[in-house]
Each structure stands twice: as structure tokens, then as C-alpha cells.
Amino acid sequence: MTQKFPFDHFLKLDSLNELQSANRKAQIPASPVIVEQTLKTLNIGTPKISPEFSIDELKTITEALLDHIKSLINANKYHAYFANTLTVSAISQNTVEFVVTTSFIKKMVETHYIETIKQALMEILGKEYQVDIQVLGSAKPMISNDESILNSIKSTKKVETVKSSTFFIQDLAPTKDDLFKAVDSQVLEHLSSTVSAQIDTNKTFSNFIIGPSNNIANALAMAVAKDPGKTYPALYVYGNSGLGKTHLVHAIANSIQNSRPSIRICMTSANKFMNEMIQAIRDQKFTEFRQKYVEKTDVLIIDDIHELKNRTGTQDQFFHIFNELMEKGKQLVFTSDKPPKEIDGIEDRIRTRLSSALPVEIQQPDLETRIAILKKKAIEKDIYLSDEVVTLIAKCVKSNIRELEGCLIKLGAVTSILKVDIDLEVAKEHLNLSDELENQKHITIESITKTVSTFFKIPIGDIRGKAKTKEVALPRQVAMYLINKLIKPTLKENGHYFGGRDHSTVLHAINTIRDRIKVEMLLAQQVLDIEKQL
């Protein structure tokens with residue numbers, strides 16, 4: 001749904017007070033123009049105008065605040081949740097009250113952007129305020145799909161008489177475009193979720209899906225959690241966005257909290273670390289800031305450490321905190337989208353410190369792992385998908401786990417809003433996956449074996465032949481494993497291609513490679529590289 005409801009097409013009104021009364025009863029979200037006009041007419045109730053501030057002052061504060069928020073968040077999210085939707089309605093000694101146009105926006109802002117607003121208020125007004133957000137014309141929050149923004153367009157016909165004036169809300173039914181926008185809004189809500197400084201108890205080792213792309217990172221993370229500060233005093237997990245780095249560091253924190261609750265854990269991000277330091281300097285509380293990180297922390301976890309780039313002052317403090325925690329035998333864990341040597345804008349001494357940590361990369365999940373992730377997430381979100389739909393998504397969406405979850409969220413919204421069952425054609429239509437699937441390479445037993453042969457530099461005839469030397473046996477087992485994984489022929493068909501070997505030999509090869517890639521980083525990387533070439 002668009003946030004600007006087209007009142008001009010449907011309403012005849014004699015006064016803004018009548019519109020305000022009608023909106024409370026009809027639960028219709030007002031447009032930004034109506035918000036501003038309503039604020040000018042209200043002096044009691046919700047929202048109220050602060051008597052200490054004039055309308056012009058509140059408008060100026062709103063404009064300055066929105067300009068600052070715009071510099072802090074993604075442009076698309078700013079226009080979706082702030083531009084022409086959020087207004088300062090009152091300011092008291094310790095609280096700034098806001099009014100927004102819909103319950104959906106209130107939910108999104110309260111869930112994801114309260115700290116952003118507080119930070120902007122600090123910059124604009126020079127002190128810390130609490131934030132109170134209300135919906136214009138409604139005090140009832142959106143708590144279910146039945147109370148979503150779709151309610152504002154459900155077929156309805158109301159007649160309200162105030163004094164001698166009457167206005168009509170004509171019969172409205174949600175259009176196909178409206179429904180599709182409502183589906184997209186749920187996907188946007190999922191994608192706009194931000195990393196919290198609080199430990200997420202839902203992210204644990206038990207629900208982390210392990211595959212060749214992340215098994216080494218998972219093993220090292222578990223070792224850190226088991227004996228923090230001892231086995232691997234500094235761990236550096238890197239990889240592209242959405243591959244599970246944040247899940248792993250939260251899993252470390254949860255494991256330590258459960259097994260050794262006396263250990264003090266500090267989880268933050270490079271951005272929040274910088275903002276906290278700036279605030280401490282401004283409030284002349286820098287001693288307390290250093291005590292928090294040096295004297296009151298046993299495990300320091302910093303997400304997105306690459307965001308320290310070009311922050312000279314913050315890098316200087318991080319350098320000293322890093323050194324002191326290492327000297328005291330504390331545990332350090334970092335995540336980044338790239339290895340230390342590839343981060344631009346950091347000092348050599350910072351690069352050296354980060355490089356001293358044990359590096360481990362999380363790569364894009366392979367097909368088998370993506371299928372397992374989709375099935376587990378579908379169960380968690382109570383979304384039924386057939387195996388063919390799961391396989392379709394897994395084959396087409398290869399970039400990251402967050403994108404896989406986005407597909408699930410969208411299909412779940414399609415089911416609840418459009419009232420359709422998800423089959424292969426529905427999934428193709430709403431996820432735009434058909435073209436990608438049709439353009440995929442045709443993988444065969446021959447093409448897999450040839451790729452393995454080229455990678456290991458072993459003649460394809462030797463791999464298919466009777467030789468049993470170590471140099472030939474490993475590539476043959478890898479080929480059998482990948483054939484089984486990607487094509488899934490019978491064991492007999494698999495073995496027939498390799499000189500007529502029986503099914504027990506093929507099964508042994510498959511199990512051997514599957515077990516070894518869970519513990520051998522080099523082999524896991526080799527298998528992953530071969531699969532990428534197919």
C-alpha cells in the first residue's frame with residue numbers, strides 16, 4: 001500500500017476536526033498534508049501540541065530531524081518510513097512525541113529506528129530524549145495481519161454526520177497492485193532489520209545450518225565459546241553480507257552465557273563503538289567508556305569491523321583497547337566483509353592487529369546447504385513449501401542466506417494476503433526465478449568428472465579406471481560425491497560410469513568426502529571451488 005491515501009478522491013469535508021473524528025472511527029491513515037493541518041487544529045488529545053513550542057518551531061525541528069535521519073539510513077528506507085510520514089508533535093523536558101500516519105510505520109520505526117531517532121535528537125537538540133510515537137487518529141497498534149495496512153483499503157462504506165456536514169467514504173476494494181505492494185512491504189520489513197547490540201537468544205549453534213562453506217568457521221566459533229580467551233584469543237570471521245557471520249557471533253555469546261554466566265560479554269558494532277566514544281567525549285565520560293571496554297569486558301565482539309575505515313580517532317582508541325584486552329587474556333571476536341589486508345582506510349597498526357587474529361572465511365552456501373536452510377527456515381516461519389519449490393529457490397538464489405529468507409517471507413505473504421497455495425508456477429511468478437532456472441548450465445556425470453579431472457590435473461581416464469593410488473582415489477571420490485549431490489543418480493549408475501564399481505564403493509566414497517569436508521578446510525575449499533566451476 002502506498003502511505004499517501006487518496007482522500008481527495010473520496011472525501012467531502014467541511015472542517016479538519018470532522019476529518020479527525022471520522023478517521024478515529026474509520027481507522028483511515030491520513031496523508032502528510034492532513035497530519036500537518038491536523039496538528040494545527042488540535043490542542044488536546046492524541047497527538048497534542050506542546051504549549052512551549054509553536055507550530056513553526058515544531059515544523060522546523062521536524063525538518064532538521066528528518067534531514068539528519070536521512071544522512072544516517074538507506075535512502076529507500078528513509079522515504080518509506082520517514083519522509084512525509086513522521087512529525088514532531090510535542091516536546092517535554094525529557095520526551096519528544098511524534099505522530100506517524102499508519103500503524104505499520106509506527107511498528108517499523110519502534111522496532112528498528114528508535115536509536116537512530118535518539119541519535120538525531122542528540123545532534124539537533126543537544127541532549128538525550130525519550131521517544132514516544134503515536135498514530136494519527138488511532139491509538140491501536142498493528143499486531144496481526146488482520147490489523148495490517150490492508151485494513152485501510154478493505155471494502156467499506158461509512159457515513160458520518162457531524163453537525164450539518166456529511167462526508168462519504170466510497171466502497172473500496174484492494175486492487176491487485178495494492179495487494180502486491182502489501183506483499184512487498186513485508187519483504188521490506190524483513191530486509192530492513194538491523195543488527196542489535198543485544199545478544200539474540202534465537203541465534204545458536206544448534207540452529208546454525210552447517211555445510212562445506214561454513215563448517216570450519218562453525219568449528220572455530222564453537223572452540224572459542226568453549227574456552228574463551230584461551231584456544232583462539234582473537235577470531236576474525238569474514239565473508240559477504242548475509243552468509244551467517246552475525247549468527248555465529250551471537251551463537252558464541254549465547255553459548256558462553258549459558259555455560260559460564262559470570263563472564264562479561266560486550267557485543268557491539270564498529271559504528272556503535274564509534275558513536276559511543278563520541279558521546280563519551282562530549283559528555284566528559286571518557287574514563288567510564290574505557291572502563292567499560294577494558295575493565296568490565298571479558299569477551300568483546302565487534303560486528304562489521306571494516307566500518308572503522310577512515311575513522312582515525314576511533315581507530316586510535318580501538319588500538320589501545322585491543323592491546324589491553326589481549327594482554328589480559330580476554331577474548332576478541334570480529335566480523336567483516338573482507339580480510340584485514342583488503343580493508344581500505346585503516347592504519348597499518350590496526351591492520352596488523354586484525355591480521356594477528358585467526359582468520360576464517362564463510363563462503364556462499366552450496367546447493368545442499370541452501371536446501372537445508374530453506375527447509376529449516378520454512379518450518380520456523382510456518383510456511384509450507386513442496387520439495388520442488390524449495391529446490392527451485394535453492395538453485396536460483398545463490399548469493400546469501402538473507403536473500404533466501406526474503407524469498408520465504410515473500411511466499412508467506414503471498415499465501416496470507418493473496419490467499420493462494422504456493423506451487424512451482426506461483427513461486428516462479430512471484431520470485432521471478434523461471435528465467436534464471438532455464439538459463440542454468442546442464443550438469444552431467446561427464447561434465448562433473450571432467451571438471452574434477454581438470455582441477456586435480458589427473459587424466460579423466462585414470463579417474464574412471466582401475467588405479468587405486470592416493471593421487472587418483474581422492475579425485476574419484478570427490479567426483480562420485482559431487483555426482484550424487486548435484487544429479488542424484490542411483491548408486492549403481494554412479495558406479496557404472498567409474499569402471500563398473502559396485503554401489504558399496506560409491507556409498508563409501510560419498511560418505512568419506514562428506515565427513516572429511518566437515519573437518520578439513522583445504523578439502524572443503526577444493527570441493528566448493530569445483531562446484532562453482534560447474
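Let's start with two helices, α21 and α24. This is a predicted model. Helix α21 covers residues 470-486, and helix α24 covers residues 521-533. They pack at an angle of about 55 degrees. Their axes lie 11 Å apart. That angle makes α21 oblique to α24, because it falls outside the ranges for roughly parallel, perpendicular or antiparallel. The crossing of the pair is right-handed.

Which residues make the contact? From α21 we have Leu474, Val478, Tyr481, Leu482, Lys485 and Leu486. From α24 come Leu523, Val527, Ile530 and Glu531. By character, the contact of α21 with α24 has 8 nonpolar residues, no polar ones and 2 charged.

Now the sheet. It is open, with 3 strands in the order β1-β2-β3. The pairing is mixed. Which strands are at the edges? Those are β1, residues 86-91, and β3, residues 130-135. Each of them pairs on one side only. From one strand to the next, the twist averages 30 degrees.

Look at β1 and β2 in detail. Strand β2 spans residues 95-100. It pairs with β1 in the antiparallel sense, over 5 bridges. To place one bridge on your screen, find Leu86: its partner in β2 is Val100.

Helices pack on this sheet too. Take α3, residues 55-70. Helix α3 touches β1 and β2. Its direction makes about 130 degrees with that of β1. Then there is α6, residues 114-125. Helix α6 touches β1, β2 and β3. What angle does the direction of α6 make with that of β3? About 120 degrees.

Conventions: Residues are numbered from 1 along each chain as its sequence is written. This is a predicted model: local features need pLDDT of at least 70, side-chain atom pairs count only at pLDDT 80 or more; totals for chains, interfaces and linings use all residues. Side-chain values use heavy atoms; hydrogens and water are left out. Axes are lines fitted to C-alpha atoms, for helices over the stretch in contact, and angles run from 0 to 180 degrees between N-to-C directions. Helices (H or I, at least four residues) and strands (E, at least two) are DSSP runs, numbered from the N terminus. Angles under 35 degrees count as roughly parallel, over 145 as roughly antiparallel, 65 to 115 as roughly perpendicular and the rest as oblique. A crossing is left-handed if the near helix is turned anticlockwise from the far one by less than a right angle, and right-handed if clockwise. Contact means heavy atoms within 4.5 Å. Ala, Val, Leu, Ile, Met, Phe, Trp, Tyr, Cys and Pro count as nonpolar, Asp, Glu, Lys and Arg as charged, and the others, Gly among them, as polar. Two strands pair if DSSP finds at least two bridges between them.
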